[in-house]
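User: Please take a close look at one part of this model, the central strand region and its sheet, and describe how the pieces fit together.

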Amino acid sequence: MAAAPRKGRRIVVLGDSITHGFWSSQVARTWPVSLAKKTGREIVNLGYGARMCVPSDGTAAAALEPDTLVYFIGFNEFWQQKTDFGDRYRKTLDNIRARPPGVKIVAVTPTCSSVEKSIPLEAYRQEIRDAVLADVTLVEGMSLTSSDLVAFPDTVHPGDAGAAGIAAGLAGVV
């Protein structure tokens with residue numbers, strides 16, 4: 001007979017290449033793995049390079065029955081200047097809320113970048129703030145790392161130092 005699954009031990013992280021770990025020197029230095037080490041919890045990393053906000057991703061992530069789900073996305077919408085991000089973000093959160101009951105949802109706004117576009121990155125951060133309801137913990141991505149772009153080798157993705165800062169900041173929240 002198989003052992004019953006442990007409750008309260010799984011964190012699912014959902015996002016784009018920043019969550020995936022692009023620019024970390026090795027998997028062990030990505031922010032999700034560092035977060036696992038800091039919290040002693042299992043991490044399921046659903047970060048995917050170039051991913052944008054897709055509501056069905058919320059359903060898939062919640063189906064893994066995490067006790068905590070960290071949603072860290074938005075830069076690719078900014079990069080492509082998408083204007084429907086807020087609606088898709090709200091729908092994704094609704095799909096996460098649909099199951100399992102009681103999952104802690106942590107929404108993280110995009111971190112720093114020197115990239116400038118006609119719709120500024122701050123507008124996408126605000127879309128996330130506007131989508132978050134009382135049952136979601138909002139974390140300002142800018143608070144997790146220095147705005148010094150040294151932590152972001154390509155001005156978008158955190159390197160090892162940036163990833164460590166993200167993990168340290170999230171460890172107290174999850």
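Analyst: What follows goes through one strand, the sheet around it and a neighbouring group of aromatic rings.

This is a predicted model, in which local features need pLDDT of at least 70 and side-chain atom pairs count only at pLDDT 80 or more, while totals for chains, interfaces and linings use all residues. Residues are numbered from 1 along each chain as its sequence is written, and side-chain values use heavy atoms, with hydrogens and water left out.

Strand β3 covers residues 68-72, and five of its five residues are buried, where buried means under 20% relative accessible area, exposed over 50% and partly exposed in between, with a 1.4 Å probe and protein chains only. The cover applies to both faces, with T68, V70 and F72 on one side and L69 and Y71 on the other. Strands here, like helices, are DSSP runs numbered from the N terminus (E, at least two residues, for strands; H or I, at least four, for helices).

On one flank, β3 pairs in the parallel sense with β1 (residues 10-15) over five bridges, and I11 stands opposite T68; two strands pair if DSSP finds at least two bridges between them. Strand β4 (residues 104-108) also pairs with β3 in the parallel sense over five bridges, and there V106 is the bridge partner of V70. The parallel pairing continues from β4 to β5 through four bridges, with V108 opposite V139.

Taken as a whole, the five strands form an open, parallel sheet in the order β2-β1-β3-β4-β5. Because β2 (42-47) and β5 (136-139) each have a single partner strand, one side of each is left without a neighbour in the sheet. From one strand to the next, the twist averages 20°, the angles running from 0 to 180 degrees between N-to-C directions of axes fitted to C-alpha atoms, for helices over the stretch in contact. Helix α3 (residues 55-62) packs on this sheet and touches β1, β2 and β3, its direction making about 165° with that of β1; contact means heavy atoms within 4.5 Å.

Y71 of β3 also belongs to one aromatic cluster with F75, F78, W79, F85, Y89 and Y124. Within helix α4 (residues 75-80), F75 and W79 lie four residues apart, about one turn. F75 is buried at 8% relative accessible area, whereas W79 is partly exposed at 44%.

Note on methods: Phe/Tyr/Trp six-rings, centres within 6.5 Å; stacked < 30°, edge-to-face > 60°.
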